[in-house]
Amino acid sequence: MTTLAAPGISTTASALRRLYFVRFAFAIVWAGVTFAIAGDLNPLALTLFVIYPLFDVAAAVIDARASRATGSPTLLYVNIAVSLLAAIGLAVAGTSGIPAILQVWGAWAIVAGLVQLLVGVTRRNMGGQWPMIISGGLSVLAGGSFVAAAAADNPALTNAIGYAIPGAIFFLISAVRLGRAAKAN
């Protein structure tokens with residue numbers, strides 16, 4: 001069975017596809033650079049941790065603009081607010097150490113993951129959203145593990161950095177899967 005996407009959906013799918021490819025590349029590069037320098041908490045590592053949710057803000061702004069024709073961007077606005085608060089929280093937490101960073105990072109992963117899951121569910125008719133739904137659910141679980149890891153005897157930033165890699169892969173899969181809807185013009 002072949003389904004033709006409505007013009008608004010195909011335009012949105014095309015924009016999201018490009019955005020998801022960019023998000024994939026950013027997350028992979030971010031993880032590589034951050035792994036290389038974040039053996040301990042230092043100003044550059046902290047800056048990179050603050051940049052990640054700020055990139056999420058920029059991506060959500062682009063997403064909200066691109067998807068206005070296919071639905072309400074309210075959940076994306078929630079994501080923008082949550083990610084801005086996370087960036088501020090991470091900057092402040094950096095003065096308290098790795099456990100505080102992991103707590104903020106974990107809380108952000110939980111809330112942002114829940115929002116991502118809900119956005120994916122609302123976009124199911126567009127196609128290519130199951131990777132986003134799964135990624136959102138896994139983000140919620142990973143966030144809980146980061147909060148728990150903050151209480152460990154010797155907490156490390158590496159698990160939080162590794163969080164970006166599966167997310168990147170899910171963005172790549174979703175971008176590829178959105179190809180059909182994007183070509184329906």
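This is a short guided tour of the structure above, stop by stop, with something to select at each one.

**Before you start**

You are looking at a predicted model, in which local features need pLDDT of at least 70 and side-chain atom pairs count only at pLDDT 80 or more, while totals for chains, interfaces and linings use all residues. Residues are numbered from 1 along each chain as its sequence is written, and side-chain values use heavy atoms, with hydrogens and water left out.

**Stop 1: the annotated spans**

Begin by colouring residues 20-38, 44-62, 74-94, 100-121, 133-151 and 157-179, which an unreviewed UniProt entry marks as "transmembrane region". UniProt positions are given in the numbering used here, feature names are shortened, and annotations may be inferred rather than shown by experiment.

Now pick out residues 74-94: this span is 95% helix and 0% strand, and its end C-alpha atoms lie 30 Å apart. Residues 133-151 are 89% helix and 0% strand, with 29 Å between the end C-alpha atoms. Helices here are DSSP runs (H or I, at least four residues), as are strands (E, at least two), and they are numbered from the N terminus.

**Stop 2: the largest nonpolar core**

Next, select Trp 30, Phe 49, Trp 105 and Trp 108. In the largest nonpolar core, which has 32 residues, these four touch the most other members. Such a core is a set of buried Ala, Val, Leu, Ile, Met, Phe, Trp, Tyr and Cys residues joined through side-chain atoms within 4.5 Å. Buried means under 20% relative accessible area, exposed means over 50%, and partly exposed is in between (1.4 Å probe, protein chains only).

To see where the core comes from, show helices H1 (7-37), H2 (43-66), H3 (74-93), H4, H5 (130-149), H6 (158-162) and H7 (164-177), the elements that give two or more residues to it. Which helix gives the largest share of this core? That is H4, with 8 residues.

Stay with Trp 30 for a moment. Beyond its neighbours within four places in sequence, Trp 30 is in contact (heavy atoms within 4.5 Å) with Leu 48, Phe 49, Tyr 52, Trp 105, Ile 161 and Ala 164. Another core, of 11 residues, lies apart from the largest one; among its members are Leu 16, Ala 59, Met 126 and Leu 178.

**Stop 3: along helix H4**

Helix H4 runs over residues 98-122 and includes Ala 107. Select Leu 102, also in H4. Is Leu 102 buried or exposed? Leu 102 counts as buried, at 1% relative accessibility. Leaving out residues up to four places away in sequence, Leu 102 touches Phe 146, Val 147, Ala 149, Ala 150, Pro 155, Ala 156 and Ala 160.

Ala 107, by contrast, is partly exposed, with a relative accessible area of 38%.

**Stop 4: Ser 139 and Ala 38**

Move to Ser 139 in helix H5. Ser 139 is buried, with a relative accessible area of 4%. Its contacts, not counting residues up to four places away in sequence, are Ala 109, Ile 110, Gly 113 and Tyr 163.

Then find Ala 38 in the loop between H1 and H2. Ala 38 counts as buried at 5% relative accessibility. Apart from neighbours within four places in sequence, Ala 38 is in contact with Ala 45, Leu 157 and Ile 161. Add Ala 156 to your selection: Ala 38 and Ala 156 are 118 residues apart along the chain, and their C-alpha atoms are separated by 9.2 Å.

**Stop 5: the salt bridges**

How many salt bridges does the structure hold? There are 2, each being a side-chain nitrogen of Lys or Arg within 4 Å of a carboxyl oxygen of Asp or Glu.

Select Asp 56 and Arg 23, whose closest N and O atoms are 2.3 Å apart. Asp 56 is in helix H2 and Arg 23 in helix H1, 33 residues apart. Both residues are buried.

The other pair is Arg 123 and Asp 63, also at 2.3 Å, N to O. Arg 123 lies in the loop between H4 and H5 and Asp 63 in helix H2, so this salt bridge ties together parts 60 residues apart in sequence. Arg 123 and Asp 63 are both buried.

**Last stop: a nonpolar surface patch**

Finish by showing the surface of Ile 28, Phe 35, Ile 165, Ile 169 and Ile 173, which make a nonpolar patch of about 370 Å². Patches consist of residues with over 30% relative accessible area and no salt bridge, with like charges joined within 9 Å and nonpolar side chains (Val, Leu, Ile, Met, Phe, Trp, Tyr) within 5 Å. Areas come from the Shrake-Rupley method with a 1.4 Å probe; for residues, only the protein chains shown count as cover.

H1 and H7 each supply at least two residues of the patch, and H7 gives the most, with 3. One of the patch residues, Ile 165, is partly exposed, with a relative accessible area of 32%.
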